[in-house]
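Me: Hi! I've got a protein open on my screen and would love some help finding my way around. Can we go through a few spots together?

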Amino acid sequence: MTNSEKIQSIDKEYVIHSYGRFPVALEHGENAVCYDFDGKKYIDFTSGIGVNSLGFCDKGWVSAITAQASKLQHISNLYYTEPCAMLAKVLCERTGMKKAFFANGGAEANEGAIKAARKYSFMKYGPGRNKILTLVNSFHGRTVTTLAATGQDVFHNYFFPFTEGFEHIPAGDIEALKAHSDGVCAVMAELIQGEGGVLPVDRDYIQKAAEYCRENDILLIIDEVQTGIGRTGSLFCFEQYGIMPDLVTAAKGIGGGLPLAAVLFGEKVEEVFRPGDHATTFGGNPIACAGALEIMKRIDDKFLEEVSKKGEYIRERVMSMPHVVGTAGMGLMIGIELEDGYKPADVVNAGLKSGVLLLTAKSKVRLLPPLTITYDEIDDGLKALGEALKEI
Ligand SMILES: *Cc1c(COP(=O)(O)O)cnc(C)c1O
């Protein structure tokens with residue numbers, strides 16, 4: 001048995017089988033390169049599903065979190081801490097949002113936004129105006145409520161009863177939105193459906209939806225759990241859509257590898273939560289926030305421009321690879337469409353042999369490399385991806 005196989009067999013015996021894991025156990029990494037327990041090298045085109053914004057073990061991030069860990073690791077939300085306050089400040093200043101609530105993951109952030117939208121409407125219009133519209137093919141998380149919000153039937157099994165008050169409308173159809181707007185307090189959407197197959201939602205539709213929502217005092221919740229924190233070439237993707245949401249959620253990339261999420265509150269909703277309305281024990285953890293502050297410091301305009309350029313570079317090269325018929329996405333959130341009959345999972349498995357970590361999203365191969373990936377790392381990863389595509 002190899003070292004990797006030993007770890008896999010213990011995991012298989014003792015960890016609940018709710019994940020379909022690839023047969024690799026990873027040991028350490030640096031930026032976009034990592035190694036398994038037997039010393040095999042991989043280029044990481046996944047960043048842990050868009051989480052390791054600065055790659056593996058970035059020096060600035062490691063020193064920020066270790067410095068905070070040796071000062072104060074946690075004290076609860078009954079007290080003030082500096083990293084939490086400073087992170088909220090920088091997120092608001094750079095987005096035009098007014099306040100932040102910190103949570104631990106994407107689903108929990110979305111739950112917070114849903115609660116805020118329902119309370120806003122309740123306080124203003126009383127009970128009954130509590131419906132939330134989400135888009136067909138969306139993904140908003142795995143809690144019972146965010147599963148209800150998720151617009152994909154495959155997620156609506158076994159766990160009944162789901163939370164009431166969600167309806168799914170087709171993306172791009174403004175008339176459907178209007179037709180379903182009775183009793184609606186909020187519309188919630190991703191701008192690029194990530195798990196749904198790296199599908200950008202039409203910009204014109206989003207702008208019209210935002211306008212309709214504003215006119216009817218329906219809150220617009222943008223789920224930037226995957227698209228946020230520089231991933232698409234702007235700090236948040238909504239900037240490129242030319243809209244100003246009422247609530248924005250961020251998670252995956254915000255902590256750079258530590259569990260952290262945020263709900264950003266716009267002007268309309270900044271006073272909606274009063275003490276006792278919403279809370280979470282670990283939310284705004286000082287270590288996670290210290291790491292996030294380092295990430296925010298690094299993501300300046302030049303950094304974002306690089307994200308866009310690297311994304312274009314990758315997409316251009318991928319287009320000339322075997323079995324590729326198209327690419328989608330923005331910045332370093334990339335979907336690769338394959339010729340009919342070819343399965344993205346086969347590419348991922350072939351990639352493990354040729355030395356690159358890849359993701360899938362529905363019918364596409366999905367790339368979410370660390371935002372700090374170098375061109376040398378990109379070239380090595382693309383070489384291995386090309387070999388994988390030849391293999392299938
Ligand atoms: C991953 C994801 C979620 C869920 O985040 P978790 O941290 O897994 O709870 C929600 N929305 C979107 C758009 C996501 O990509």
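Me: Let's start with Leu 78. Where is it?

Reply: Happy to help! Keep in mind that this is a predicted model. Leu 78 sits in the loop between α3 (59-69) and α4.

Me: Is Leu 78 buried or exposed?

Reply: Leu 78 has 74% relative accessibility. Exposed means over 50%, so Leu 78 counts as exposed.

Me: Which residues make up the nonpolar surface patch of about 420 Å²?

Reply: Leu 78 is one of them, along with Leu 72, Ile 75 and Tyr 79.

Me: Nice. New topic: pockets. What's the volume of the second largest pocket?

Reply: The second largest pocket has about 1,100 Å³.

Me: And how many residues line it?

Reply: The lining of the second largest pocket is made by 32 residues. Asn 77, Cys 84, Ala 100, Phe 101 and His 278 are the ones nearest the pocket's centre. If you want to find the lining by element, look at α4 (82-95) and β4 (99-103), since each gives at least two residues to it.

Me: What kinds of residues are in that lining?

Reply: By class, the lining of the second largest pocket holds 16 nonpolar, 11 polar and five charged residues.

Me: OK, backbone stuff now. Where is there a cis peptide bond?

Reply: Look between Phe 160 and Pro 161, where the bond has an omega of about -5°. Pro 161 belongs to the loop between α6 (144-149) and β6 (166-169).

Me: What about phi? What is it for Ile 49?

Reply: Ile 49 has a positive phi of about 60°, although this residue is not a glycine. You'll find Ile 49 in helix α2 (residues 47-50). At 36% relative accessibility, Ile 49 is partly exposed.

Me: And Ile 229, what's its phi?

Reply: Ile 229 also isn't a glycine, and its phi is positive at about 60°. Ile 229 lies in the loop between β10 (219-223) and β11.

Me: Why does Ile 229 count as buried?

Reply: Buried means under 20% relative accessible area, and Ile 229 counts as buried because its relative accessibility is 2%.

Me: Last one: how far apart are Gly 256 and Leu 54?

Reply: That depends on how you count! In sequence, Gly 256 and Leu 54 are 202 residues apart, while in space their C-alpha atoms are 6.4 Å apart. Gly 256 is in the loop between β11 (247-250) and β12 (261-265). Gly 256 is buried, with a relative accessible area of 7%.

Terms used. Residues are numbered from 1 along each chain as its sequence is written. This is a predicted model: local features need pLDDT of at least 70, side-chain atom pairs count only at pLDDT 80 or more; totals for chains, interfaces and linings use all residues. Side-chain values use heavy atoms; hydrogens and water are left out. On a 1 Å grid over the protein atoms alone, a cavity is a set of points where a 1.4 Å probe fits but cannot get out, and a pocket is an open set with protein on both sides within 12 Å along at least five of seven lines; lining residues have an atom within 4 Å of a point. Grid points are joined across faces, edges and corners, and a volume is the space filled by probe spheres set on the points. Helices (H or I, at least four residues) and strands (E, at least two) are DSSP runs, numbered from the N terminus. Ala, Val, Leu, Ile, Met, Phe, Trp, Tyr, Cys and Pro count as nonpolar, Asp, Glu, Lys and Arg as charged, and the others, Gly among them, as polar. Patches are made of residues with over 30% relative accessible area and no salt bridge: like charges are joined within 9 Å, nonpolar side chains (Val, Leu, Ile, Met, Phe, Trp, Tyr) within 5 Å. Accessible areas come from the Shrake-Rupley method with a 1.4 Å probe; for residues, only the protein chains shown count as cover. A salt bridge is a side-chain nitrogen of Lys or Arg within 4 Å of a carboxyl oxygen of Asp or Glu. Buried means under 20% relative accessible area, exposed over 50%, partly exposed in between (1.4 Å probe, protein chains only).
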